[in-house]
Amino acid sequence: MVKPVIAIVGRPNVGKSTIFNRIVGERISIVEDIPGVTRDRIYSSGEWLTHDFNIIDTGGIDIGEEPFLEQIRQQAEVAMDEADVIIFLTNGKEGVTAADEEVAKILYRTKKPVVLGVNKIDNPEMRDQIYDFYALGFGEPIPISGSHGLGIGDLLDEAAKHFPKLDQTEYDEDVIKFSLIGRPNVGKSSLVNAILGEERVIVSNIAGTTRDAIDSPYTYDEQRYVIIDTAGIRKKGKVYENTEKYSVLRALRAIERSDVVLVVINAEEGIIEQDKKIAGYAHEAGRAVVIVVNKWDAVEKDEKTMKEFEQKIRDHFLFLDYAPIVFLSAKTKKRVHTLLPMINLASENHSMRVETSVLNDIIMDAVAMNPTPTDKGKRLKIYYATQVSVKPPTFVIFVNEPELLHFSYERFLENRIRDAFGFEGTPIKIFARERK
Ligand code: GDP
Ligand code: GDP
């Protein structure tokens, strides 16, 4: 399901990350009394009444060495590119500043709805301070207080009024949606072109969505696919597109809409920390994953090189032990044709359902082989298991006490399930529930 996106913009220190955290509901970024503080998380989901949405704190996108004003301009550009509704945040204690006017000037260019919030209105006596903000030209300013949690509902009500009517089912169930994620320059756009340029690939011309993302639908061997969010891959040249936070933001948004995520690695450079981070998001989101090692043509190799590289990947991506690895070259097209079968396999396993009776046989055999653990004199008892959903396959195991199912035993059960059913390319989830 596609959720509408809200972006918060505004000059530093008006309270963007405070509001972001309030809306997201946990204290996940560091708020301190210094401008331009580092933020960890800039993109998250939120809920307000019946609305589900995603929210971006553009203040967390650090645009390198650019001067102050250029930074906020770029952040406003990000909001205009990425959001359905923009919250323009200001500081009621300081009144309208020149930097606010700069932000406003950028936002005049957008056709997207802008909601004006005046923060730091900590008590009713301060409400008079909002009137100056009419001058910014975005209609009625909404008084809020991030630190006191006041007015945030009003702000979200106003934002929600402008949510676009989104198509709930963007594509048919049987269409495989996949995305390519990875650092800049690993070869994502080259690979998209290589895939679409394959013989027998029938590229369809219709833009997939009504949204600004440009998807690429195509058909191969009667299977329909959509490459998600290639706009983010193709459109190049803006300064902020090379920043780490922005590329993570794009990756997260693409992951959200995908069934299968291709984690693309540059064979020439090997694996760095950021690769792991991005791959970790795909895993956490429960998407099927295929690891793609691109630029394999540029590596000097003998018969051991591939095995060694594979081992390196396994060591780095311990949590992705289920993901198949494909070595290829977008440039020479060598082995590009091996990718689609892997995507098909991962997608199939991602939506695989297993029979309850077979599942329970597997679990009971597993318990017989490796008795359940005890904790403080109490032994875990497993009654039965059932698969409750797909994408990813999710299992519930009914037990006497859920706390007794420790990570290591859960892992053991997961491995037994994988041995029995495969599930290559997809994470699986296991939850313990108490049976009364
Ligand atoms: P950002 O740079 O726009 O993300 O601003 P921050 O969220 O980091 O907030 C900047 C400072 O303003 C911090 O010291 C916050 O504690 C403070 N602040 C945020 N919201 C409010 C508010 O509603 N009232 C008051 N008095 N201070 C606030
Ligand atoms: P993106 O930023 O991940 O989309 O990467 P690009 O597709 O723009 O590729 C970055 C650079 O790597 C370009 O100069 C490509 O020509 C080059 N490149 C892409 N794929 C390959 C490959 O398989 N082998 C080699 N040697 N170079 C490649």
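This tour moves through a predicted model, from its domains to its two ligand shells, one helix and a few backbone details.

**Domains.** Begin by colouring the chain by domain: domain 1 covers 5-162, domain 2 covers 176-349 and domain 3 covers 356-434. If centres are placed on domain 1 and domain 2 from their C-alpha atoms, 33 Å lies between them. Next, display the contact between these two domains, to which domain 1 contributes 12 residues and domain 2 contributes 8 residues. On the domain 1 side, select helix α2 (residues 68-82), which supplies the most to that surface, with 3 residues. Colouring the domain 1 side by class shows 6 nonpolar, 3 polar and 3 charged residues.

**Ligand 1.** Centre the view on ligand 1 and show the 18 residues around it; Gly 15, Lys 16, Ser 17, Thr 18 and Gly 146 come nearest. Which helix gives the most to this shell? Helix α1 (residues 16-24) does, with 3 residues. By class, the shell around ligand 1 holds 4 nonpolar, 10 polar and 4 charged residues.

Keep Thr 18 selected, a residue of helix α1. Is Thr 18 buried or exposed? Thr 18 has 22 C-beta neighbours inside 10 Å and therefore counts as buried, the threshold being 20 or more. For a distance check, draw a line from the C-alpha atom of Thr 18 to that of Ala 254: the two residues are 236 residues apart along the chain, and 26 Å separates the atoms.

**Ligand 2.** Now move to ligand 2, which has 16 residues around it. Gly 187, Lys 188, Ser 189, Ser 190 and Lys 331 come nearest. Helix α5 (residues 188-196) gives the most to this shell, with 3 residues. The shell around ligand 2 comprises 5 nonpolar, 7 polar and 4 charged residues.

**Helix α10.** Select residues 339-350, which form helix α10. Its 12 residues reach 16 Å from first C-alpha to last, close to the 16 Å expected at 1.5 Å a residue. Highlight Met 342, Ile 343, Ala 346, Ser 347, Asn 349 and His 350, which are buried. Then turn the view to look down the axis of α10: its buried residues fall within an arc of 165°, so they line one face of the helix. To see what these buried residues pack against, add strands β7 (176-181), β11 (260-266), β12 (288-294) and β13 (325-327).

**Backbone details.** From α10, step to Lys 333, in the loop between β13 and α10. Phi of Lys 333 is near 70°, a positive value in a residue other than glycine. Lys 333 has 17 other C-beta atoms within 10 Å and is therefore partly exposed.

A second residue to inspect is Leu 49, in the loop between β2 (43-48) and β3 (51-57). Leu 49 is not a glycine, and its phi is positive, near 50°. How many C-beta neighbours does Leu 49 have inside 10 Å? There are 8, so Leu 49 counts as exposed, the limit for that class being 12 or fewer.

The last stop is Pro 392, in the loop between β16 (382-389) and β17 (394-399). Show the peptide bond leading into Pro 392 from Lys 391: the bond is cis, with omega near 0°.

Notes: Residues are numbered from 1 along each chain as its sequence is written. Chains are lettered from A and ligands numbered from 1 in the order in which they are written. This is a predicted model: local features need pLDDT of at least 70, side-chain atom pairs count only at pLDDT 80 or more; totals for chains, interfaces and linings use all residues. A residue is near a molecule or strand if its C-beta atom, placed from the backbone, lies within 6 Å of it. Helices (H or I, at least four residues) and strands (E, at least two) are DSSP runs, numbered from the N terminus. Ala, Val, Leu, Ile, Met, Phe, Trp, Tyr, Cys and Pro count as nonpolar, Asp, Glu, Lys and Arg as charged, and the others, Gly among them, as polar. Domain bounds come from an automatic or database domain assignment. Two residues are in contact if their C-beta atoms, placed from the backbone, lie within 7 Å. The expected span of a helix is 1.5 Å times one less than its number of residues. The arc is that of the directions from the helix axis to the C-beta atoms.
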